[in-house]
Amino acid sequence: MFKLLKYIKEYAKETVLGPLFKLCEALLELFVPLVIADIIDKGIGTGDRSYIVKMSLLLVGLGFVGLAFSITAQYFSAKAAVGFTARVRHVLFEHIGRLSYTELDELGTSTMITRMTSDMNQVQSGVNLTLRLLLRSPFVVFGAMIMAFTIDVKTAMIFVYVTLILLVVVFGIMLWSIPLYKKVQQKLDKVMLTTRENLTGVRVIRAFCMEEQETKAFEGYNKELTAAQKFAGSVSALMNPVTYVIINFAIIILIKTGAAEVNTGVLTTGAVVALYNYMSQILVELIKLANLIINITKSIACGNRIQSVLEIEPSISHKGSAVPEGGEYAVEFINASVRYKNAGESALTDVDLRVKKGETIGIIGGTGSAKTTLVNLIPRFYDTCAGEVRVNGVNVKELDPVSLRSIIGTVPQKAVLFKGTIRDNLRWGNENATEEELMAAVESAQAADVIRAKGGLDCEIEQNGRNLSGGQRQRLTIARALVKKPEILILDDSASALDFATDAALRKSLRELDFKPTVFIVSQRTSSIMHADKIVVLDDGEVMGIGTHEELLEGCEVYREIYNSQFKKEAV
Amino acid sequence: MAKKIRSGDLKRVLKYIRRYRLLMVLSVIMAAVTVMLTLYVPILTGRAIDLIIGPGNVDLAGIAAILTQIAVTVAATAVIQWLMNTVNNRITFHVVRDMRNEAFRKIEILPLSYLDAHGGGEIVNRVIADADQFADGLLMGFTQLFTGIVTILGTLFFMLTINWKTALVVIVLTPLSLFIARFISKKTYDMFRLQSETRGEQTAFIDEMISNQKVVKAFGREKASLEKFDEINERLRSCSLRATFFSSITNPATRFVNNVVYAGVALAGALSCIATAGTAVPFTVGQLSCFLSYANQYTKPFNEISGVITELQNALACASRLFELIEEDPQIPDSPDALVLENAKGDVTLKNVDFSYTPDRRLIENLNLTVKQGQRVAIVGPTGCGKTTIINLLMRFYDVDSGSIMADGTDIRNITRKSLRRNYGMVLQETWLKSGTIRENITMGRPDATNEEMIAAAKAAHSHGFIKRLPKGYDTVIGEDGGSLSQGQKQLLCITRVMLCLPPMLILDEATSSIDTRTEIRIQKAFAEMMKGRTSFIVAHRLSTIREADIILVMKDGHIIEQGSHEELLKMGGFYHTLYNSQFAAV
């Protein structure tokens, strides 16, 4: 949390002025018991009515000036808190944009979204409260203590002890209860998990007649949750009674000492009442403080979670040279191996492959055979753990990722489109693409009928492309990559939802592209890749063979097996 | 923002609380006692102060006696207050626990049509977030509303008995702060609505961009999306500032009113002191100090109550959403004389079946199908043609609108759901695993299976190999929805699960769609073994599966348009013929 505070610098003025005005308000409040003491000693003591009226008006005056101070303080605090959070949100969003695939995999989407939204809101209200109140309460407590000293040093010492005891008790209870609440949260997560699972898996649960068992499990978790809640609740319920007892015992001692001092003529009755009022003020402020601290600890926890995301260093830096004009080879894999973070074994081992400009490479293999891993190395979404990958003759680790990715068109496995018009989406490939260029890409991607069906490029796509079918989305994502006119085009199993005829037409049009890209096609279908210049056969992260369709049929057992399973029909 | 509260929700909440009525009564009594004792302390203090008159004129013995009284009172108050809080916690958390349990039990018996129509997220939100908010509100209501009211009444009573004139000052001035608070909250309502709308917009944007961060990176759109983000962020900043600032005026404003009240009490009280000095019932300095401390205490609950009431309304709205779920109509229960189907032979007959999800869109009309024991039925057709609907009907996840489905000659509506489902083994397109160990997941259908049986099933389903390689083998704990397992591995586990119990009838829904061809070959062998002598329904995409089926159901737009064996259908030259040629013709 505390490292985040540097982002409040822009609001340094507000951050200082807010609490300052608040302090002024608190200061005024501290005068109130003194005024009351004067009313008692001078006003009532001498029966001076006009003095009493004057002093009461002074009280109203103090209140009014306090109001003005306070509103000013609220404004500055709100401005600083809101501005600070907006800034942190910006920084975090930018930071997430810099993270590489490795970190994104590790963090997970839902974590990042919670950090950006609910954690942020919690931080905002925490900062706001802190600026408004955190300084005020201790100030009133210590102020009341100092004022007490001006009245009588001996009795004031009681204040010192009481404040110390209170601090210890308040923080003690809090330190005790915070881990308890964390536990409550964990139990709640378990209850939530079970609920969610029972909804997502309702068919399986009912098919296996697991309803009773699941209900029992849920009730068990729920019971644990309730027990944790009750225990945490009882502990934090100690706060109010304990502070109440301490303060009131202090008042008892105060009156006792005060009475003796009045008896000996050291103090006046009004002074004792003033001391008593200060003690009450301390009580009120401490209760506020305790509530405040609970809120602030929550915010700090949220702030820490945000901080921890910010502290993740992107494993791929955004430095390096621009991609040079290529020579003979567009992409070269030299003994490239990949091991994912926290994984025991390599996902991909020892790939050696040189791809000439304009060639089409097919990559085939079973689930988990690392086909996607292989192509993800080209735009440097992941780094190799051994060996290297070169694009246009240069190791990708020496290239600026932005420049590198600008010459590569990727069509990911999951066909993702964004909210906005089809045109907006296609322009992701190239902001300045003309209407003709867009339509040409659409044609090549066999998506012309999608555009027609949707009534043109201005059709609004809903979030996650909900209003399109899988096949329609897939073709539009291909078009999006083509708009880029990339030197290297990667199709990661991106024709899976297309029927064979469309798939064949797509491959034909890719061959006829005027910008002649080097194409990588990942697929599980032999038919999609059998005409490629080279086919890479992967199994379990190992290269089983590289060659043309005919060569592989001849010499690669795995390839033959896959081919036969898909084309057995001819044998019937 | 505005949440709906249905009439009768309060009654429903009370129904849950009623179980804890003894605790409730206890809580109320303790609250009253606590408040009274708390209010009594200033009176005692006042009396003590009155014994301090001046130098040489202090009744030290009298003061000591009063102080002892204070000590006892304070100690008692503290203990009772803690007990009260604990009791309140207990009531609240138990009520919410009961509601959650009931909601969960309802989820288990709700018809699939409800669960399919309402997103999982929404229902989870009701059971978790809404229930939590309700608990917060209820607890706050218990602890603050009642004590607040008692404090106001108690203070009024004490003040009126001590000095009614000064008390009037307090009574007249205090409601002012309520009006101010009300006024401000009304004025800021629109600002808050704008804020939450903008927040919603931003969350949607964040959701979209972060979920698809990989695509953003692939297209180098980091900067462009940051710009859009900043634009929303700036709007949010400015409307959030307005909402936060204007609403935060409430506190200083009400505090100002309190200060005025305080000054009023000081004035009226001090004047009373002078006026009554020397009379039979003087208004003493001690009483004045007691009054001043009341003035502070009296205004506080007023400020809190308005907050509590909004909170309670909010809580009730949350409870209302939970009640909607709890009161949803469950599926039609099994009739008491329903048959328990045991070791079915596997004859399935569909007779004149009509079914549709929504009345305005007819889906299945007059479907007739006779499947004999051990036959294999392949269901084919383009995506979205209603193939999974058949499964929904066979498993009785949905009931037919008219006509009937019979298993072994009995209408499945006369068979208990459990026994019907136990006779089916199902592998769905969407794999589902629960968080827990691999073992727990595999033995779901047969918790009593031995280790050997489990491993045999895993070997048959070709999952043994990869399970063995996991850190803890069969005892490896997998996270929600399979955690780090690949889609293919998850599918294999789902197949293993069915392998282990091997019921007489099988339902396989595109079960092999995300398994690679080589693994699939192995699995198909296992499937073939599994299907021997078992009636099977397969939502099929693979050619070999279809060809080997006894009956092929060709579906289009929810209708069964063709029915027969592979050769028969090809000869017919109809839709199947076209479909077959477009999907499976070699290139």
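## A parallel pair at the centre of a sheet

Strands β5 (residues 376-380) and β12(B) of chain B run parallel and are joined by four bridges. Within this pairing, B:Arg376 is placed opposite B:Ser536 of β12(B). The model described here is a predicted one.

Strand β11 (residues 505-509) of chain B also runs parallel to β12(B), and five bridges join the two. B:Ser536 of β12(B) serves here as the bridge partner of B:Leu506. B:Ser536 is thus opposite B:Arg376 and is also partnered with B:Leu506.

## Burial of strand β12

Strand β12 of chain B comprises residues 535-539, and five of the five are buried, so the strand is largely enclosed by the rest of the structure. The threshold behind this reasoning is that a buried residue has 20 or more other C-beta atoms within 10 Å of its own.

In a regular strand, side chains alternate between the two faces of the sheet. In β12(B), B:Thr535, B:Phe537 and B:Val539 point one way, whereas B:Ser536 and B:Ile538 point the other way; all are buried.

## The six-stranded mixed sheet

The strands above belong to an open sheet of six strands in chain B, ordered β8-β11-β12-β5-β13-β14, with mixed pairing. The edges are occupied by β8 (424-427) and β14 (559-564) of chain B; each has a single partner strand, so one side of each is left without a neighbour in the sheet. On average, neighbouring strands of this sheet are turned by 15° against each other, direction ignored.

At the β8 edge, β8(B) and β11(B) run parallel and are joined by four bridges. In this pair, B:Met426 is found opposite B:Ile507 of β11(B).

## The four-stranded antiparallel sheet

Chain B also contains an open sheet of four strands in the order β4-β3-β6-β7, and its pairing is antiparallel. Strands β4 (364-371) and β7 (410-411) of chain B stand at the edges with a single partner strand each, so one side of each has no neighbour in the sheet.

Two bridges link β7(B) to strand β6 (residues 402-407) of chain B in the antiparallel sense. B:Met406 stands opposite B:Asp411 of β7(B).

## A helix across both sheets

Helix α12 (residues 387-394) of chain B lies across strands of each sheet. In the four-stranded sheet, α12(B) lies across β3 (348-355), β4 and β6 of chain B, and its direction makes an angle of about 115° with β3(B). In the six-stranded sheet, α12(B) lies across β5, β11, β12 and β13 (551-556) of chain B, running at about 145° to β12(B).

## Overall form and domains of chain B

Chain B has 21 helices and 14 strands. Its radius of gyration is 36 Å, well over the 25 Å that the globule rule gives for 587 residues, so chain B is more spread out than a compact globule. The C-alpha trace of chain B spans about 120 × 60 × 50 Å along its principal axes.

Of the 587 residues of chain B, 44% count as buried. Among contacts in chain B with a separation of 6 or more, 80% are between residues 24 or more positions apart.

Chain B is assigned domain 1 (2-326), domain 2 (337-423 + 505-587) and domain 3 (426-502). Over C-alpha atoms, the centres of domain 1 and domain 2 of chain B are separated by 59 Å.

## The surroundings of B:Ile180

B:Ile180 lies in helix α7 (residues 175-211) of chain B. This residue has 18 C-beta neighbours inside 10 Å and therefore counts as partly exposed. Apart from neighbours within four places in sequence, B:Ile180 is in contact with B:Ala253, B:Thr254 and B:Val257. Between B:Ile180 and B:Val353 there are 66 Å in space, C-alpha to C-alpha, at 173 residues apart in sequence.

## Chain A and the interface

Chain A is assigned domain 1 (2-310) and domain 2 (329-571). The centres of domain 1 and domain 2 of chain A, taken over C-alpha atoms, are 56 Å apart.

Across the interface, 123 residues of chain A are in contact with 119 residues of chain B. Helix α2 (residues 49-98) of chain A supplies 25 residues, the largest share of the side of chain A that touches chain B. By residue class, that side of chain A consists of 61 nonpolar, 42 polar and 20 charged residues.

Key. Residues numbered from 1 in each chain as written. Chains lettered and ligands numbered in written order. Predicted model: local features only at pLDDT ≥ 70, side-chain atom pairs only at ≥ 80, totals over all residues. Domains from an automatic or database assignment. Buried ≥ 20, exposed ≤ 12 C-beta atoms within 10 Å, placed from the backbone. Pairing = 2+ DSSP bridges. Rg over C-alpha atoms; globule rule 2.2 N^0.38 Å. Contact = placed C-beta atoms within 7 Å. Axes fitted to C-alpha atoms, helices over the stretch in contact; angles between N-to-C directions. Nonpolar A, V, L, I, M, F, W, Y, C, P; charged D, E, K, R; others polar.
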